[in-house]
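Hello,

Here is the structure I promised to pass on to you. Please open it beside this email and follow along as you read.

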Amino acid sequence: MIKTLALSAMTAAALLVATACSSPSGTPSPATSAPPVSISTGPTVPQVSNPLNASKFEQDPCGLLTHAQAGQFIDGVRTSGKSGGRFPMCHWNGEKGSGFGVSFIVGQGGLATVYENGQNGGAGYFEPAPDVAGYPAAFTATMDDRKSGGCQIMVGITNDELVTVGATLWTSSPSYNAPCPVATKAAELVVAKLKGGA
């Protein structure tokens, strides 16, 4: 029996209603997170000091990773494809049952919403994560399955846009008991692709 991926689409549904947003144009520069700021009546949220333009990939996140790159995390790629909807998600399924997905969440308030939901009990788990290639991030999802091979990381690429990477690892995976480093490493490749603008 293969696990069902519980990834960004589920989290996106729990956020505010999406509104259109445009990404800044131009070539992104190397980024570091700006000092955290306090939002009114809310948690302290790290800010994105060098926003990335993800417009090329928002409707087709499968272009962010090659099969070979995806296969580094899930023992080879057996299948891949894109799920439709307001926030299209690309998912890669491995030869031994593991899988992961990548999606963008636009116009939902970015990490500010993630922090608010996480710290106010609106998430199954929430934990600030180390920066991913210079961009602020958090581990969070509506269901906590980190002890059974699942982990999701959300990276703020602008103050109003997230790229989400979620992994669901099968028991045969050597990383089954530590899925968050897998999601983080995949997110690093995704952010590197966005920074390269290619």
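Below is a short tour of what was found, going from the whole chain down to single residues.

Please keep in mind that this is a predicted model.

**The chain as a whole**

The protein chain has 198 residues, and 48% of them count as buried. Its secondary structure comes to four helices and nine strands. If you walk along the sequence, you meet them in the pattern α-β-β-α-β-β-β-α-β-β-β-β-α. Take the contacts between residues at least 6 apart in sequence: 59% of these join residues at least 24 apart. The chain exposes about 8800 Å², and carbon and sulfur atoms supply 54% of that area.

**The sheet**

A good place to start looking is the open sheet of seven strands, which has the order β3-β4-β5-β9-β8-β7-β6 and antiparallel pairing. Which strands stand at the edges? They are β3 (77-83) and β6, and each has a single partner strand, so one side of each is left without a neighbour in the sheet. On average, neighbouring strands of this sheet are turned by 20° against each other, direction ignored.

For one pair in detail, try strand β5 (residues 99-106) and strand β9 (residues 161-168), which pair in the antiparallel sense over eight bridges. You can find Gly-99 opposite Thr-168 in β9.

**Helices across the sheet**

Next, look for helix α3 (residues 110-119), which lies across β6, β7 (135-141), β8 (150-158) and β9. Helix α3 runs at about 40° to β7. Helix α4 (residues 179-196) lies across β5, β6, β7, β8 and β9, and its angle to β8 is about 25°.

**The disulfides**

A disulfide is a covalent bond between the sulfur atoms of two cysteines. How many disulfides does the count come to? There are two. With the bonded cysteines of the chain numbered in sequence order, the pairing is 1-2, 3-4.

One disulfide is formed by Cys-62 and Cys-90, with their sulfur atoms 2.1 Å apart. The torsion about their S-S bond is about 100°, so this disulfide is right-handed. Cys-62 sits in the loop between β2 (44-48) and α2 (67-71), while Cys-90 is in strand β4 (residues 89-94), so the pair ties together parts that are 28 residues apart in sequence. Are these two cysteines buried or exposed? Cys-62 counts as partly exposed because its relative accessibility is 22%, whereas Cys-90 is buried, with a relative accessible area of 0%.

Cys-151 and Cys-180 form a disulfide too, with sulfur atoms 2.1 Å apart. The link of Cys-151 and Cys-180 is right-handed, with 95° about the S-S bond. Since Cys-151 lies in strand β8 and Cys-180 in helix α4, this pair ties together parts that are 29 residues apart in sequence. Both Cys-151 and Cys-180 are buried.

**One residue to visit: Pro-130**

Finally, go back to the sheet and find Pro-130, which is in strand β6 (residues 125-132); β6 is one of the edge strands. Is Pro-130 buried or exposed? Pro-130 counts as exposed because its relative accessible area is 61%, and exposed means over 50%. Leaving out residues up to four places away in sequence, Pro-130 touches Ala-137 and Phe-139. Pro-130 and Val-155 are 25 residues apart in sequence, and 10.0 Å separates them in space, C-alpha to C-alpha.

Enjoy exploring!

Best wishes

How values were computed:
Residues numbered from 1 in each chain as written. Predicted model: local features only at pLDDT ≥ 70, side-chain atom pairs only at ≥ 80, totals over all residues. Heavy atoms only, no water. Helix = DSSP H or I, 4+ residues; strand = E, 2+ residues; numbered from the N terminus. Buried < 20%, exposed > 50% of the residue type's maximum accessible area, 1.4 Å probe, protein only. Contact = heavy atoms within 4.5 Å. Areas by Shrake-Rupley, 256 points an atom, 1.4 Å probe, with all protein chains shown as cover. Pairing = 2+ DSSP bridges. Axes fitted to C-alpha atoms, helices over the stretch in contact; angles between N-to-C directions. Disulfide = S-S within 2.5 Å.
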